[in-house]
Amino acid sequence: MAVAMAVATAHLRFSLFPSKISHYPKNTRRLPFLKISPIILSLPRTICVSSSSTSIKAEPDLAEAESDNSPNNQTRWKPITKRKVAMRVGYVGTNYRGLQIQRDSASTITIEDELENAILKAGGMLESNYGNLHKVGWRRSSRTDKGVHSLATVITMKMEIPDGAWEEDPDGIALADVINGHLPYNIRIFSILPVNKRFDARNECISRKYVYLLPAEVIGIGNASSPEAIQSHVKEFRDTLQLFEVITLLSVQRQFIEWRTGHFL
C-alpha cells in the first residue's frame, strides 16, 4: 500500500554541531519517492544519525539492577548538576498523535510523552519535575501533527547532568545514547549539547521546512517504467497541481471580494 509522507526540519541561526550523515543498511530497500515541493534540505544543519560512544559513566537502573546480563538492561547516569541543553531529535511519527504532549488525554501518546519518560529513566529529570515540562523550561523549535516525521527538531530544557559530561564527548552523543536506551526504535536523540541560559529553541529557529513525499507508484511510475513514461506521468501530475493552485487562488480571491464588498458571488 502506498503511503504519502510528511517530513519536517528546523534550521537554527547556527549549526549545533557538524553534520553526520548515516549510511543505509545493506538490506535496506530504497523505495522511489516523488518530492512534490522542490525543497533542498540544508545538510550541514540536519542530523541523520547518532554514532555510538561510551564516555559517560552510567549506573544500572535500580529497577533492573538484578538482571545485568539481560539484553534489555537499561542504564542511567548519576546527576551532579543542572544545565540547560539543546537536544537534536528525529522521529517517525506514524504511531503518534504529534510531537507536543497532551496532558488532558491519557490514551493519547505523543513524541514528548516518550521523551519525558526516557529522560526521567536516564537520570536527566527529577521525579518532582515529572509531569510538568514547564518546570524544566521545555521549549521546542517546531511542532508536528499526527503521523508527521521529523529529521531535525531541536528541544531545549534544564537537564540533570552527570559529572564531566562533555569532556571526552564534545558532540554529546554519549548522553543521547543513554536516553536512547529507554526510547522506542522510532524516536532518536542524536546529540545533547550545553547552551547558554538565554538560548531559546523556538526563537533561534530561522526556518521550518515541511517536505511532502508521494510514492511514485501513486501516479503510475513503477520500476519498469521507461524514461519517457516517467516524464509523461510527472508532467501530468505537475499540470494537475498547477490547476489545483489556480482553483485555490480563485477561491481565495472570491472570498476576499465577498468580505470587502459584503456581496456574495
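This is a chat about salt bridges, buried elements and a surface patch in one predicted model.

Me: What kind of model is this, and how are residues numbered?
Reply: The model is predicted, so local features need pLDDT of at least 70 and side-chain atom pairs count only at pLDDT 80 or more, while totals for chains, interfaces and linings use all residues. Residues are numbered from 1 along each chain as its sequence is written, and side-chain values use heavy atoms, with hydrogens and water left out.

Me: How many salt bridges are there?
Reply: The count is six. A salt bridge here is a side-chain nitrogen of Lys or Arg within 4 Å of a carboxyl oxygen of Asp or Glu.

Me: Why would such side chains pair at all?
Reply: Side chains of opposite charge can pair when their charged atoms come close.

Me: Which residue does Arg-140 meet in a salt bridge?
Reply: Arg-140 meets Glu-112, at 2.6 Å from N to O. Arg-140 lies in strand β6 (residues 139–140) and Glu-112 in helix α1, so the pair ties together parts that are 28 residues apart in sequence. Helices (H or I, at least four residues) and strands (E, at least two) are DSSP runs, numbered from the N terminus.

Me: Is Glu-112 buried or exposed?
Reply: Glu-112 is buried, at 0% relative accessibility. Buried means under 20% relative accessible area, exposed means over 50%, and partly exposed is in between (1.4 Å probe, protein chains only). Arg-140 is buried as well, at 16%.

Me: What else is Glu-112 in contact with?
Reply: Leaving aside neighbours within four places in sequence, the contacts of Glu-112 include Leu-99, Leu-133 and Trp-138. Contact means heavy atoms within 4.5 Å. Also, a polar atom of the Glu-112 side chain lies 2.9 Å from the backbone nitrogen of Ile-101.

Me: And Arg-139, which residue does that one bridge to?
Reply: Arg-139 forms a salt bridge with Asp-200, with the closest N and O atoms 3.0 Å apart. Asp-200 lies in the loop between β8 and β9 (205–215) and Arg-139 in strand β6, so this pair ties together parts that are 61 residues apart in sequence. Asp-200 is buried at 15%, whereas Arg-139 is partly exposed at 33%.

Me: How far apart in helix α3 are Arg-254 and Glu-258?
Reply: They are four residues apart, or about one helical turn. Arg-254 and Glu-258 form a salt bridge, with the closest N and O atoms 3.3 Å apart. Arg-254 is partly exposed at 43%, and Glu-258 is buried at 12%.

Me: New topic. How many residues of α2 are buried?
Reply: Seven of the eight residues in helix α2 (residues 173–180) are buried. Among them are Ile-173, Leu-175 and Val-178.

Me: What do they pack against?
Reply: The buried residues of α2 pack against β4 (75–77), α1, β7 (149–161) and β8.

Me: How much of β8 is buried?
Reply: Six of the eight residues in strand β8 (residues 187–194) are buried. Strand β5 (residues 81–91) runs antiparallel to β8, and seven bridges join the two. Two strands pair if DSSP finds at least two bridges between them.

Me: Last one: which residues make the nonpolar surface patch?
Reply: Phe-256, Ile-257 and Trp-259 make a patch of about 380 Å². Patch residues have over 30% relative accessible area and no salt bridge; like charges are joined within 9 Å, and nonpolar side chains (Val, Leu, Ile, Met, Phe, Trp, Tyr) within 5 Å. Accessible areas come from the Shrake-Rupley method with a 1.4 Å probe, and for residues only the protein chains shown count as cover. Phe-256 is in helix α3 (residues 227–261) and is partly exposed, at 45%.

How values were computed:
A polar contact is a pair of N or O atoms within 3.5 Å; within protein, one must be able to donate a hydrogen and the other to accept it, and residues adjacent in sequence count only if both atoms are side-chain atoms.
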